[in-house]
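Visitor: Please take me through the aromatic rings of this structure. I would like a close look at how they pair and what sits over them.

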Amino acid sequence: MLQSWRALLRRRVPPMQETPPSPPPAAGLCFRNTHPVYPSDKGRIWHKASNAALSFGGIVGQLIVWKLCNTEVFHYEHFEEAVLNRPSGTPVISASNHKAVSDDWFLCSILGTHKQALTGNMRYVMGAEEVMFWSNWTAQMAALGHVLPIRRGHGVYQRAMDEATSLLGQGSWLHIYPEGRILHRKEEEVDARLKWGIGRLVADCPTLPAPTVLPVWHIGMDNLIPNVRPYRIHFGQKITVVLGKTMDFTDLLMDMRERNSSAMRMRKVITDQVQARLAKLREEAWTLHESRS
């Protein structure tokens, strides 16, 4: 018995072979077979349904935030410049903090972006797949709202990111929450690091000039619909939205490409600059919010 154990210990175990990465999925909007995100062929019926959903949601949201809450927007001219009045074919990324699951609905309602649904210039937005695409019904509703299903923890190279990059190359408007999660406490906002996804979206956009980045900071959304069950609307909340000056990364990207900077380096530099701008905007937003009656 002892000799058999010695023989077993002397046996050389072959090294573990690293599993090769799976090939990237083909580009397209149908990300899941069980929960299709968009119809493969977007015809007139789908467009009409999407426009109706976006317009109806925006009207209801505007009624809530403007008539039943104490809402104020600062520096709206930055939004007009970056989104409403941008030249045709110019991509733009609006990046904001994330306080509640209803952020996108009310933020779009505050800015009045649902009106653009009728012009085909409505924003796309990243949404957590496990939250918004957990059933066929919710997936279809999210799809009508132009939501792309992001899989948290799967990195910057995934289907939704590829599709978002392609949409930016077509001159679309994309809204993202670069923190990658909801930050419940004010103290978390200071130490939270942005995910590198925004850096990849800017750096890998197939066209120049690079996408314009519009920083946004809002306060009070988590009081309107708190992040606890039951998810009920609490009217009369004070909501503050501050829009920052746009950021243009075209010259930076051209310079880094001439110096053969790595993709990781470009993502990091861009993300760090957006992080710094959002940090300044956060301080301004809290000052304005606390000064309001």
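Aromatic rings and their neighbours

Guide: F79 is buried, with a relative accessible area of 0%. Bear in mind that the model is predicted. The partner to look at next is Y76, which is partly exposed at 27% relative accessibility. Y76 and F79 both belong to helix α3, residues 76–84. They are 3 residues apart there, so about one helical turn separates them.

Now the search as a whole. It covers the whole structure and finds 3 aromatic pairs. In the pair of Y76 and F79, the ring centres are 5.5 Å apart and the planes meet at 40°. That angle makes the pair tilted, because stacked needs planes under 30 degrees apart and edge-to-face needs over 60. Ring pairs also bring in W173: Y76, F79 and W173 form a cluster.

Back to Y76 for a moment: its 27% relative accessibility falls between the cut-offs of 20% and 50%, so Y76 counts as partly exposed. Next comes the pair of W105 and F106. Their ring centres lie 4.4 Å apart, with the planes at 25°, so this pair is stacked. W105 is partly exposed, at 32% relative accessibility. F106 is buried, at 0%.

Two charged side chains complete the tour. K186 lies over the face of W286, 4.1 Å from the ring centre. R282 places its charged end over the ring of W217, at 5.9 Å from the centre.

Key
Residues numbered from 1 in each chain as written. Predicted model: local features only at pLDDT ≥ 70, side-chain atom pairs only at ≥ 80, totals over all residues. Heavy atoms only, no water. Phe/Tyr/Trp six-rings, centres within 6.5 Å; stacked < 30°, edge-to-face > 60°. Helix = DSSP H or I, 4+ residues; strand = E, 2+ residues; numbered from the N terminus. Buried < 20%, exposed > 50% of the residue type's maximum accessible area, 1.4 Å probe, protein only. Lys NZ or Arg CZ within 6 Å of the ring centre and 35° of its normal.
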